[in-house]
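Visitor: Please show me the model, and then let us work through it question by question. Where would you like to begin?

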Amino acid sequence: MKNKVFNDKITHKDSFVKNGIACNEIACFGGSFDPPHNGHLAIIKKALEILQPQKLFLIPTFLNPFKANFYFSPQKRLEWLYKLYPNLSNSQLSNPQIEILDFEIRQNKPTPTIQTIDFITKTYQPTKIFLLLGADNLAKLPLWDSYDLLKTKVEFVIIPRLDYKIPEYFRILPLVPLDISSTHIRALIAEKNPKVLDFIPEILHDEIKTLF
């Protein structure tokens, strides 16, 4: 059995509930975004193009449960995502609605993904949730809180990463693996290396330069 790749745009009918905010299909892209970089933008663009969700949520974590600390504060990372927000929409993609969901940051503590998905399910009552996940996270996926329950609530869409194999039973996002990571970017920032600007969205350049 080969990996299932999204190569057709998904169409759907609208769904509604009494409060008027229900969605049929939702895509969730969570992460530290520590800091946001051009790789994130490429993933967002491809997810919108292929999945065409009614909403795509960008969900910055307060702190990844598998990490001891963060580099930039949750408030700073959230601020940067809001700066990027006007540049994320693509008028050629039927005006999908991108939203930044600060649910996990508002918890002020590491928040299991299952809690975020339950919040989204209760609030928007979607018929389907796509959960975007980097291939480098697959090894620890069975260790996630309530993983067995989570996998019944979402469809994982795996983002290819260099040197990481994706098991055949996962769907993958058809994206050429990018040789870019927040870890490498943080190292360049610590070195005050101006090459870091090659990986950072232009709208954040001036602020990143103040760190040199």
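Guide: Helices (H or I, at least four residues) and strands (E, at least two) are DSSP runs, numbered from the N terminus. The model is predicted, so that local features need pLDDT of at least 70 and side-chain atom pairs count only at pLDDT 80 or more, while totals for chains, interfaces and linings use all residues. Residues are numbered from 1 along each chain as its sequence is written, and side-chain values use heavy atoms, with hydrogens and water left out.

Visitor: In which loop is the place of Gln125?

Guide: Gln125 is not a glycine, yet its phi is positive, at about 50°. Gln125 is partly exposed at a relative accessible area of 42%, where buried means under 20%, exposed over 50% and partly exposed in between (1.4 Å probe, protein chains only). Its place in the chain is the loop between α4 and β5.

Visitor: Is Asn108 buried or exposed?

Guide: Asn108 belongs to the loop between α3 (103-107) and α4. Its phi is near 60°, a positive value in a residue other than glycine. With a relative accessibility of 53%, Asn108 counts as exposed.

Visitor: What is omega for the peptide bond from Asp34 to Pro35?

Guide: Pro35 sits in the loop between β2 and α1. The peptide bond that leads into Pro35 from Asp34 is cis, with omega near 5°.

Visitor: How many of the residues of strand β6 (residues 155-159) are buried?

Guide: On one side of β6 lie Glu155, Val157 and Ile159, on the other Phe156 and Ile158, and all are buried, so that both faces are covered. Strand β6 is therefore largely enclosed by the rest of the structure, and the number of its residues that are buried is five of the five.

Visitor: Which residue in β6 is the bridge partner of Leu131?

Guide: Strand β5 (residues 128-134) runs parallel to β6 and is joined to it by five bridges, two strands being paired if DSSP finds at least two bridges between them. For Leu131, the bridge partner in β6 is Phe156.

Visitor: And which residue in β7 is the bridge partner of Val157?

Guide: Strand β7 (residues 171-172) pairs with β6 in the parallel sense over two bridges. The residue of β7 that partners Val157 is Arg171.

Visitor: Which residues of strand β4 (residues 97-100) point to one face and are buried?

Guide: In a regular strand the side chains alternate between the two faces of the sheet. Strand β4 is parallel to β3 (residues 55-60), with four bridges between them, and Leu58 stands opposite Ile100. In β4, Gln97 and Glu99 point to one face and are not buried, while those that point to the other and are buried are Ile98 and Ile100.

Visitor: How far apart in space are Phe57 and Leu101, C-alpha to C-alpha?

Guide: Phe57 lies in strand β3 and is buried, at a relative accessible area of 0%. In sequence 44 residues separate Phe57 from Leu101, whereas in space their C-alpha atoms are apart by 6.0 Å.

Visitor: How wide is the arc that the buried residues of α6 cover around the axis?

Guide: The buried residues of α6 (182-190) are Ser182, Ile185, Arg186, Leu188 and Ile189. They lie on the same side of α6, because the arc they cover around the axis is only 160°. On the other side of α6, Thr183 and Ala190 are exposed. The arc, which is that of the directions from the helix axis to the C-beta atoms, is 160°.
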